[in-house]
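Student: I would like a close look at how helices pack in this protein. Please take me through it in one go.

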Amino acid sequence: MDSRKHPDEADSGRGFRPDIEGLRAVAIVAVLLCHAGVPFLAGGYVGVDVFFVISGFLITRLLLAELDGSGTISLRGFYARRAKRLLPLSAVLLATVGVLSMILLSPLRNTEVAGDIIASALYVANWHFAAQSVDYFAQGLEPSPVLHLWSLAIEEQFYVVWPGLMLAVTWFWRRRGRSIRPALWVALTAILVGSLVYGIALTDDKPAFAYFSTFARAWELGLGAALALAGTVRLSRLGAAALGWIGVAAIVYSSFAYTGNTTFPGTAALVPTLGAAALIFSGTALAASAGGVTGLRAGAGRLLSLAPVRYVGRISYSWYLWHWPFIIFAAAIWGPRLSVAAGLAAVAVSWVPTQLTHMLIEDPVRRAPALRRLPNRAIALGLACTVVALGVGIGLRDSQPTVRLAKLADVPGAAALVDQPVPQETATALRPNPLRARADRSRGYYSGCLVGIEGTNSNKCLFGNPEGDRTLILFGDSHAMQYFPALEELAENHDWRLIELTKAECPPEEIEVRSMVEDREYSQCDIWRQSALKRIEEGGGKNVTVVMSGDTVYVPYGPNGEELTGREAAEAMEAGYLRTLDRIEAAGPRTVVIRDTPASSKDVPSCVSEDIQHLKRCAFERPHEWEREYDVRAAKAHPTTHLIDLDDEICPSEVCRAVIGNALVYRDKSHLTATFARTLEPMIENDFREAGLL
């Protein structure tokens, strides 16, 4: 096995650390097995946190060695090393992802992946995915083949700041004739403490966003930097060995004990990161007391320094880059629910490009004498690689086939069902364009009437005739909001007022639910719902009709704060629905419940974007699930509530269609496009007439 130094250590002047190369192997194996779906290693994602600590240590050690040797830090040299280390291989990866996406993914997904590639090329992928993590309408999207590059973006953002900060502190304190080490400790402590406190608070409030946030993760890199700044601390050989094994135990424990439901990063990230720090610290102490990290047979460093372990650690960067796209593209070929065997096979196959690019690109580029001797060339190479990656993203986006946009006069939508008893199988033009379907939302949405996750009060959101003698109030979550176009047209036809009271993933029923986006309890929903109901009660009367609707896949909480599932959850949601209906009835308004929309197992616009000449394969059978029909049962059980069931228009003959009357029905898996929803107005108006509401 090759025992050459790691690129981040080769020029540090502090001695090669084979145990750290082995620690990289522990981290990458944990990540690979976790992503492959191995059930007992669901917490293997902590391997990324281990990488953060290692990177913080190695890079800071390199910078300190330069500072001690020359009295300064060459930023040009530093960024030249980072450029030749990272950018050529990442450019090859992004180019490969672009080509495979073009072959295997739909045009709509290619458009989305193109944006991901551009963000990755600019090393802002973490913020790109952080924005998606708090976007309710992005939750159903398939994972990106470059999602894993968020961690590299965080590292590089940290290293944009940290070397410059070290240089500034050095310059400032040396001018005053003072030692720079205490000043560096002050700066690093501020980063460590500030980032850790912020990360814990943000994880409690927005765990999905915190996961990708540089500010919530910087302390992990700072922890590694602190180890480098601390230098060698004397420990007994037995104490150092024990500390190393404690570190191993912490990493292994978190890999096995944590799951996707673990609130992370927050305080939970302390276990694997402190474990990695303990291992590194142990090795530093043993290097001073035992003649090297392998000098003690009982030490963890001895195991980590074995040649096979170090080999895996040596190729860890390449393997990290390649494994995730292979998993995602395997899912695109064989279906999103890959078996563990399929996941492991994808990871195993990804070793081939890993080894090839490690030998042909990674090693040769970082060892090239010309690039080492002339930093400007390395920087120019890095810029060229960035331009290539950006070009791939832009080219992928601009090369997608266009779908002719149908004229409004040629889009009867639901009205076409009278003359189209057989599902529409082809189209020459559609509205909206499937590549733009995500944005086909109602005027109410773009007027800010869908309250975000953090919001607790609706805006005025008044539409139609403000002086109308009848009032419609649309009340619920995004599945209620989707009917705004139809209700707006109904209000305009009859000169009514229309008020929209909607909030993202907050159902109208009075019950506490879990936030799917934030993956936590959802107190903002309870506060908003009470505010909305109070507004309904204050403006209530016989001339007010409240139209309610909502998604039916929420996880409610029981009386003791426990999460409910199955029949128990459905019964609790039904009871909550009835409480809301009773409360509105007591205030005077009539109530209408629109049955929840049938949901597809696949992204409908993505499917349609592949071939509008074969629309049948994008249709799906209407689901019948008792647990998801509690809104229907509640409406039927309430004597003064009228139920509107539009399933016959969306799913005629039990088949939910992708396109009806040249209108794309869904803009994702479960939300109707505003275009199609508007064509449902005649059906809703007919229901109102039958219920005596006109």
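Tutor: What follows covers two helix pairs, then one helix and one strand residue. Keep in mind that the model is predicted.

Two packed helices are described by the angle between their axes and by the distance between those axes. Start with helix α3 (residues 75–104) and helix α16 (residues 351–367). Their axes lie 8 Å apart, and the packing angle is about 150°. Angles over 145 degrees count as roughly antiparallel, so α3 and α16 are roughly antiparallel to each other. Their crossing is right-handed. On the α3 side, the contact uses K84, R85, P88, L89 and V92. On the α16 side, T357, I361, E362, V365 and R366 take part. By class, the residues of this contact are five nonpolar, one polar and four charged.

Now the second pair. Helix α21 (residues 484–494) and helix α28 (residues 681–690) have axes that come within 9 Å and cross at roughly 60°. That angle makes α21 oblique to α28. The crossing of α21 and α28 is right-handed. From α21 come A486, L487, E489, L490, N493 and H494. They meet E681, I684, E685 and F688 of α28. This contact has five nonpolar, two polar and three charged residues.

Next, a helix taken alone. Helix α10 covers residues 237–257, which is 21 residues. At 1.5 Å a residue, α10 should span 30 Å. Its end C-alpha atoms are 30 Å apart, so the expected span and the model agree. Which residues of α10 are buried? They are A240, A241, G244, G247, A250, I251, S254 and S255. An α-helix has 3.6 residues a turn, so residues three or four places apart point the same way. Read the buried set of α10 with that in mind: A240, G244 and G247 are among its members, as are A250 and S254.

Last, a strand residue. L450 sits in strand β1 (residues 450–451). Is L450 buried or exposed? Its relative accessibility is 13%, so L450 counts as buried. Leaving out residues up to four places away in sequence, L450 touches F137, G444, Y445, D477, S478, M481, T502, K503 and A504. L450 and E505 are 55 residues apart in sequence. In space, their C-alpha atoms are 9.8 Å apart.

Technical notes:
Residues numbered from 1 in each chain as written. Predicted model: local features only at pLDDT ≥ 70, side-chain atom pairs only at ≥ 80, totals over all residues. Heavy atoms only, no water. Helix = DSSP H or I, 4+ residues; strand = E, 2+ residues; numbered from the N terminus. Expected span 1.5 Å × (residues − 1). Buried < 20%, exposed > 50% of the residue type's maximum accessible area, 1.4 Å probe, protein only. Axes fitted to C-alpha atoms, helices over the stretch in contact; angles between N-to-C directions. Parallel < 35°, antiparallel > 145°, perpendicular 65-115°, else oblique. Left-handed = near helix turned anticlockwise from the far one by under 90°. Contact = heavy atoms within 4.5 Å. Nonpolar A, V, L, I, M, F, W, Y, C, P; charged D, E, K, R; others polar.
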